[in-house]
Amino acid sequence: MAAAKATLTDSLSFCLAQLTAAAGEGLYGGKDPATNETPLGRALLALRTRHIKAAGGIERFRARGGLRPLLALLRRAAAADPAPSPAGPGSAPLSVASAASAGPSPSPNPASSAVSPSSPSPPMRLRKTLDLALSILANCCTEGACRAEVRRLGGILPLVTILQCVKTDSIQNRTARALGNLAMEPESCGEIHSAGAVPLLVESLTACQDSQCLQSVVRALRNLADSPQHRLALAQQGAVRPLAELLAAAPDPALTSALVRALLELSRGCTRACAEQLSLGGGLGPLVSLASHPKRMVRETTILILANLCAQGLVRPALGNAGGVEVLLGELRRRRGPSGASPASQQPLVRAVCLLCREAINRARLRDAGGLELLMGLLRDPRASAWHPRVVAALVGFLYDTGALGRLQALGLVPLLAGQLCGDAGEEEEEGREAASWDFPEERTPERAEAGSFRSLRSWLISEGYAGDVSPDWSPEHCPLPEPTDPISSTPGKTSLRTPGIPRTLGRSPAGPSALEEPWGREGPALLLLSRFSQAPDPSGALVTGPALCGLLAYVTGAPGPPNPRALRILARLTCNPACLEAFVRSYGAALLRAWLVLGVAPDDWPAPRTRPVRRNQHRELGEMLLQNLTVQAESPFGVGALTHLLLSGSSEDRVACALTLPFICRKPSLWRRLLLDQGGLRLLLTALTRPAPHPLFLFFAADSLFCLQGLVSPTMSPAFPAAVPVDVEPPSPCLYEPLLGPAPVPAPDLYFLLDSGLQLPAQRAVSATASPFFRALLSGSFAEAHMDLVPLRGLSPSAAWPILHHLHGCRGCGAALGPIPLAGQPLLGSEAEEALEAAGRFLLPSLEEELEEAVGRIHLGPEGSPESVGEVFRLGRPRLTAYCARWTLGPARCPRKRALALAGLVEAAGEEAGPLTEALLSVVMGIESGGKSPSLES
C-alpha cells in the first residue's frame with residue numbers, strides 16, 4: 001500500500017508560521033483575514049488533530065512558542081466580534097465586584113438571556129477560527145506548564161472577553177472548558193475570579209441549551225470552587241441556584257453527574273448563601289431522589305451533598321421534609337455494616353445525623369427511622385470514640401422527649417454517659433452560628449436592631465436582677481432550663497436531707513457574654529442528660545448502678561479542676577430519693593460512696609494505690625453529706641421496712657449487701673442491733689467472706705463495715721484499744737537454766753536430754769518432772785527413762801528444744817521463747833517456731849504455748865507489722881493467734897487499706913475452714929476478749 005502523501009500541515013513549523021502570520025496581520029493591520037482563511041484553518045485543524053494529540057505534542061507546541069501567537073489570535077478574534085455585549089464595543093468584561101454588587105438574584109428566563117434571532121451572529125470564518133483556537137488552548141491547558149505559561153502571557157482576560165461577547169454554544173463550550181482547565185491551578189483560579197468570569201458562566205447556565213456546553217460550564221464552576229473564599233464568592237454571585245434548577249429539570253445522565261460533582265464542591269463548608277440558593281432552586285427533592293441512583297458515583301456524591309447541607313440550620317427542616325433524614329440514616333447504617341466503608345467515610349454522615357437532631361421535626365423522623373439505635377451503636381463503638389462528644393451533644397436534643405429518653409435508657413445510655421465523663425475523647429467540634437437549631441430562627445432585622453418588646457423585657461429582667469444580659473439569639477438548646485431545686489425532705493428525724501452548696505460561677509454562656517451560668521465543658525452534655533434521668537420518679541434502675549456511680553464519682557474526684565456542680569446535684573438527688581435506697585444497698589453504692597469519697601480508695605486503687613488529684617477534704621465532706629442523706633432515708637419508716645425486707649426476704653446476694661451496708665447508713669442502736677444482731681445480719685456477713693466476692697471491692701467494704709460496726713458497738717472506744725498482742729512492761733525475768741550451762745554448774749545436772757542431732761542438754765530430774773504431766777510420767781514413773789541418765793527427745797531441733805529446757809527449769813519471760821521465732825516478713829510455716837509450738841503442745845506445756853504465741857504476735861503483729869504477716873500467723877492454726885490476727889485487722893491504728901489487705905490475707909489463709917476466722921472476728925466486733933465465749937447471734 002502506498003504511503004500517504006505528505007502535506008505542508010504535517011510540519012509543526014508550517015502550522016506555527018501560519019498561526020504567527022495570522023496573529024501578526026491582525027495586530028499590525030495587514031490584509032483581511034479572509035484571504036488567509038484556508039491556510040490558517042488547515043493549520044489550526046492540523047494542530048488540533050495531529051500535533052497536539054501526538055505524544056509530547058503539547059510540550060513541543062509550548063516549547064516552540066505556539067502559545068503566544070495562539071493567544072494573540074484569540075485577542076484579535078475577540079476584538080473582531082460583530083455582536084458585542086450591551087455595554088458597547090470594546091468595553092471591559094464585568095468585574096467580580098460589579099457582578100457581585102447586585103447580589104444573588106433569581107435566575108433569569110433562559111429565553112430572555114439567549115441572543116436575539118435578529119442580532120447578527122459571528123461570521124462563519126471567525127466562529128470556526130475561534131472553535132479551533134479555543135480547542136487547541138483547552139487541550140494545551142491540561143498540562144501544568146502550559147497553564148502557567150498562559151497565565152504569564154495574560155491569556156485569562158481574552159477568554160473572559162470571548163465568554164462575554166460571543167454567545168454561541170460551541171464557543172461558550174470551548175471557552176468554559178479552557179477556563180475550567182486553567183482553574184486547576186490555584187493562582188489561575190484567583191485570576192479567573194478577579195477577571196469577572198463567574199457571572200458570565202452563571203449566565204451561560206441559563207442561556208445555553210446544549211448539554212456539552214452546560215457540562216463544560218458546570219465543570220468550570222466546580223474547579224473555581226477550590227477554597228472557602230472562592231466557594232463563598234460563587235454562592236454570593238448566584239452560581240448555586242442555576243445548578244439546582246438544572247438538576248430539578250431531570251437532565252441527561254452525563255449532565256447529572258457533572259451537576260452533582262459541582263454541587264458537592266460548592267457545598268463543602270456549606271454557607272448560608274449556598275443553602276438558600278439550593279433550596280430556592282428546588283434542588284433538595286432531586287438530591288434526595290438521586291441518593292438511590294444506580295450509578296455509585298452519583299449516589300455517593302449526592303449523599304455527601306446532603307450531609308454538607310445539614311451544616312445550615314435554615315435548610316434542615318426542608319431537607320427532612322424531602323426525606324433526607326431517612327436517606328442519611330440508611331447510608332450511615334449501610335456504611336457501619338459488616339461490609340461497610342472505613343470509619344473516615346462515616347464522619348460526614350455522623351456529623352449530619354447529629355446536626356439533624358437540633359430540630360424537633362427531624363428528631364421525630366430520626367426516632368421513627370431507628371436513629372436512636374444507630375446513635376447508641378456509635379457510642380458503644382470504641383473505634384468511633386472521636387465522635388462520641390458530638391453524639392452525646394446531639395442526644396441533648398431529646399432532653400424533653402419522654403418516649404425517646406425511655407428508649408435511650410432501655411438501650412443503655414446511662415452507663416455510656418457515665419463513661420463519657422472521664423473518657424479520653426476530644427472536645428466536640430465547634431459549629432458556626434448557622435448550624436444552630438432552626439426551631440428558634442434568629443430575627444433578621446435591619447442593622448440587627450432588637451424589637452421594642454424584647455428590649456423592654458430585657459431592661460425589666462436586668463433591673464429586677466433576674467439576668468445580666470439576654471440576647472435575641474437565646475434558645476433552649478444553648479441555655480438549658482434551670483433544674484428544679486430538690487425539696488427538703490419531710491421525713492421526721494434529727495437530720496435533714498442536704499444538697500451541695502456550690503455557688504454559681506461566672507462563665508461565658510452561649511446566650512450572652514455576661515450571663516450567669518455554670519461552666520459548660522466537655523462533660524456538659526453528658527451531665528445534662530444524666531441530670532434529666534435523675535429527675536425521674538425512680539431513677540434507680542438507670543443511675544444507681546455500679547457503672548453509673550463509678551462514672552460520676554470518677555468525674556467528681558478526677559476532674560482537673562472543680563467538678564461541674566450539676567454532677568454534685570445528681571448525686572445529692574439520688575441519695576435523697578427514697579426510691580433509690582434499695583438500689584444503693586443492692587449495688588453496694590453506699591459502701592462505694594464511703595470508700596471513694598470519705599476514705600479515698602477507688603476501684604482502680606485496689607489493691608495497688610494510684611496517684612490522684614489531692615482534694616480529700618472536699619471529697620470527704622461530699623461523701624459524708626451523701627451518706628447522711630442515705631441515713632435519713634434508712635431510718636425513716638419506709639427505709640426501715642425496705643431494709644428489713646431485704647435482710648429477711650431478699651436473695652442471698654441482697655441479704656449480704658444489706659448486712660454490709662447497714663453500719664454505714666444506720667445510726668439508731670435499736671435498728672442496727674435488731675437487724676445485725678437479733679436477725680443474724682452480722683453472722684451472714686462474716687459467713688460470706690469466704691465465698692466468691694460479689695463486688696471487686698467486697699473485702700474492702702467488709703473490712704470497713706466491720707470496723708464501723710465495732711465503733712457502733714463500742715462508741716466510747718478510744719485509740720487506746722487493747723493491743724492485738726499484750727505488751728509486757730516489766731523487765732525480763734532472770735534466767736534459772738543458765739547456771740546449768742557453765743563449766744562448773746551449780747547444782748550439778750543429774751540428767752541429760754539427747755536430741756536427734758546428738759546434742760546433749762543438761763537438766764535436773766526433780767525440777768523437770770514437776771514442770772508438766774508428760775515429764776512427770778517420763779522421768780519419775782514406770783518408764784525406762786526414769787532410770788536413765790541420758791534421755792532421748794525425738795523430733796526436736798536445738799532451737800526448738802531451747803525454750804522447752806528453759807521452761808522446764810522455771811524460766812518465765814527470760815527471752816528464751818524468742819529464740820525460734822523468725823523475723824517479721826519471714827515465713828512461719830515450717831519454721832522452728834512452729835516446731836516449738838508443736839513440741840510445747842506435745843509435752844503438755846500450755847504456759848509455754850502461750851508465751852511462744854505472744855512472742856510470735858509481738859514480732860509479726862506488732863505496730864509495724866504488715867498485712868501480709870497476718871495471713872502467715874493465721875496459717876499456724878492456733879486459736880489464740882487467730883484472735884490476735886482478728887484484733888490486729890480491726891484495730892483503730894490500721895489504715896483502711898491495710899485493714900482490707902489483712903482481711904483478704906485472712907480469708908485466703910482460712911480457705912474453706914472459715915469457722916475459726918468467723919468466731920474470732922465476731923469476738924473482736926462484739927468487744928469480747930479472746931478467751932471469752934462468743935454469743936450466739938443466730939436469729
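Okay, let's start with one residue, Tyr-588: this one is buried, with a relative accessible area of 4%. Before I go on, please keep in mind that we're looking at a predicted model.

So what does Tyr-588 pair up with? The partner is Phe-698, and the two rings sit edge-to-face. A pair of aromatic rings is described by the distance of the centres and the angle of the planes. Here that gives 6.2 Å centre to centre and 85° between the planes. Phe-698 is tucked away too: its relative accessibility is 1%, so it falls under the 20% cut-off for buried. Now, where do these two come from? Tyr-588 is in the loop between α33 and α34, and Phe-698 is in helix α40, residues 698-713, so this pair ties together parts that are 110 residues apart in sequence.

That's one of seven aromatic pairs in the structure. There's also an aromatic cluster, made of Phe-753, Phe-774, Phe-775 and Phe-843. And while we're on rings, have a look at two arginines. Arg-894 lies over the face of Trp-888, 4.2 Å from the ring centre. Arg-899 does this kind of thing with Phe-707, lying over the ring face at 3.8 Å from the centre.

Let me zoom out for a moment. The chain has 939 residues, and 51% of them count as buried. Its secondary structure comes to 49 helices and three strands. If you take the contacts between residues at least 6 apart in sequence, 75% of those join residues at least 24 apart. As for the outside, the chain exposes about 41800 Å², with carbon and sulfur atoms supplying 57% of that.

Right, back in to a single helix, α36, which runs over residues 637-649. From first C-alpha to last, its 13 residues reach 18 Å, close to the 18 Å expected at 1.5 Å a residue. Which residues of α36 are buried? Those are Gly-639, Ala-642, Leu-643, Thr-644, Leu-646 and Leu-647. And what covers them? The cover includes α33, α35, α37, α38 and α39.

Hang on to Leu-646, because Asp-654 touches it: leaving aside neighbours within four places in sequence, Asp-654 is in contact with Arg-586 and Leu-646. Asp-654 lies in α37, one of the helices that cover the buried part of α36. Is Asp-654 buried or exposed? At 16% relative accessibility, this aspartate counts as buried, because the cut-off is under 20%. Its side chain makes a polar contact with the side chain of Arg-586, at 3.1 Å.

Two more buried residues and then I'm done. Thr-557 is in helix α31, residues 546-558, and has a relative accessibility of 4%, so it counts as buried. What lies 2.7 Å from a polar atom of the Thr-557 side chain? That's the backbone oxygen of Leu-553.

Last one: Leu-132, in helix α7, residues 124-140. Leu-132 is buried as well, at 6% relative accessibility. Setting aside the neighbours within four places, Leu-132 is in contact with Gly-41, Leu-44, Leu-45 and Arg-48. Thr-49 is 83 residues away along the chain, and the C-alpha atoms of Thr-49 and Leu-132 are separated by 9.9 Å.

Okay, that's my tour. Over to you.

Definitions and conventions: Residues numbered from 1 in each chain as written. Predicted model: local features only at pLDDT ≥ 70, side-chain atom pairs only at ≥ 80, totals over all residues. Heavy atoms only, no water. Helix = DSSP H or I, 4+ residues; strand = E, 2+ residues; numbered from the N terminus. Expected span 1.5 Å × (residues − 1). Buried < 20%, exposed > 50% of the residue type's maximum accessible area, 1.4 Å probe, protein only. Contact = heavy atoms within 4.5 Å. Polar contact = N/O pair within 3.5 Å; in protein donor to acceptor, adjacent residues only side chain to side chain. Areas by Shrake-Rupley, 256 points an atom, 1.4 Å probe, with all protein chains shown as cover. Phe/Tyr/Trp six-rings, centres within 6.5 Å; stacked < 30°, edge-to-face > 60°. Lys NZ or Arg CZ within 6 Å of the ring centre and 35° of its normal.
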